[in-house]
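Please find below a colleague's note on the model, set out as numbered points.

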Amino acid sequence: MNSFFPPSTNAVVERLESRTFLSVSPATLSTDQQQLRTDNAAYAADMQTCKQMIATDKAKVNADSLSGRRHLADLQKQLATDQATRNAKLKLDRANANIAAAGDNGVIKRDNVTIRVDKNNPSQLAIDNQKLIADKIQLESDHVKFSTILLNDDANTQSIILADQQAIVTARATADNAALQQDQQTLLSDQQACLTKLAADQIKILNDQLKIAQDTATA
């Protein structure tokens, strides 16, 4: 905003007002001096308005930027949470699979012990062998069951992680969101408008000063 504000014209006004005016009527000179004071006051008011407007615009831009950073932080926090959830779920799936496998293998081990005990009892041995076959099938069935659970949970949680990562990439790519872009454009437009307005005010003041100089120089 400093570029908006030229040196004060007060000193020029004081010098012009202190001169002895011989060539124009007091009424004309008074009118010209009053116009200069009016235009100086308008310039000061416009300058203050511009300061406040640009400050407000910048505050909005900063607020939008902060909002974007907070949104990105929230997305990163969600990613960390989902990664922890995924790790815990897969750990539990593997533990359940191991427990089931250990239980099935324990049953098969006992089946083998029973078969050795009943080796001289053909009828009971046939029953034992059928149980062993059934328990081996159960082992395989549990392996398929828990492997399927693990694979599904792995795929589902990985999809969630990928979605989180995509959201972060998108947030970073669109950090200049619509609101931020609009406020940045408003800031630029207001700065240009202020430059134009204050330049016009300065020209008025210069013309006023020229008029008074001409008033005092005319013989």
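The points below concern a predicted model and take up its helices, a buried charged residue and its salt bridges.

1. Helix H3 comprises 52 residues, numbers 122-173. At 1.5 Å a residue it should span 76 Å, and its end C-alpha atoms are 75 Å apart, so the expected and modelled values agree.

2. Which helix do the buried residues of H3 pack against? Their partner is helix H2, residues 26-117. The buried positions of H3 include the apolar residues Leu125, Leu132, Phe146, Ile161, Ile168 and Ala171. Asp128, Asp135, Asp142, Asp153 and Asp164 are also among the buried residues of H3, as is Thr157.

3. Asp190 deserves separate mention. This residue is found in helix H4, which covers residues 178-217. Asp190 is buried yet forms no salt bridge. The nearest side chain of opposite charge belongs to Lys60 and is 7.7 Å away, whereas a salt bridge requires the side-chain nitrogen to be within 4 Å of a carboxyl oxygen. Setting aside neighbours within four places in sequence, Asp190 is in contact with Met53, Ile54 and Asp57.

4. The structure holds seven salt bridges. One of them joins the side chains of Arg86 and Asp154, with an N to O distance of 2.9 Å. Arg86 lies in helix H2 and Asp154 in helix H3, so this pair ties together parts that are 68 residues apart in sequence. Arg86 is buried, at a relative accessible area of 16%, while Asp154 is partly exposed, at 30%.

5. A salt bridge within helix H4 pairs Asp201 with Lys197; their closest N and O atoms are 4.0 Å apart. The two residues are four positions apart, about one turn of the helix. Asp201 counts as buried because its relative accessibility is 4%, under the 20% cut-off. Lys197, at 40% relative accessibility, counts as partly exposed.

6. Where do Lys211 and Asp215 lie? Both are in helix H4, four residues apart, about one turn of the helix. The residues form a salt bridge in which the closest N and O atoms are 3.1 Å apart. Lys211 counts as partly exposed at 34% relative accessibility, and Asp215 counts as buried at 6%. Through salt bridges that share partners, Asp32, Lys211 and Asp215 are joined into one network.

Conventions
Residues are numbered from 1 along each chain as its sequence is written. This is a predicted model: local features need pLDDT of at least 70, side-chain atom pairs count only at pLDDT 80 or more; totals for chains, interfaces and linings use all residues. Side-chain values use heavy atoms; hydrogens and water are left out. The expected span of a helix is 1.5 Å times one less than its number of residues. Buried means under 20% relative accessible area, exposed over 50%, partly exposed in between (1.4 Å probe, protein chains only). Contact means heavy atoms within 4.5 Å. Lys and Arg count as positive and Asp and Glu as negative; His and the chain ends are not counted.
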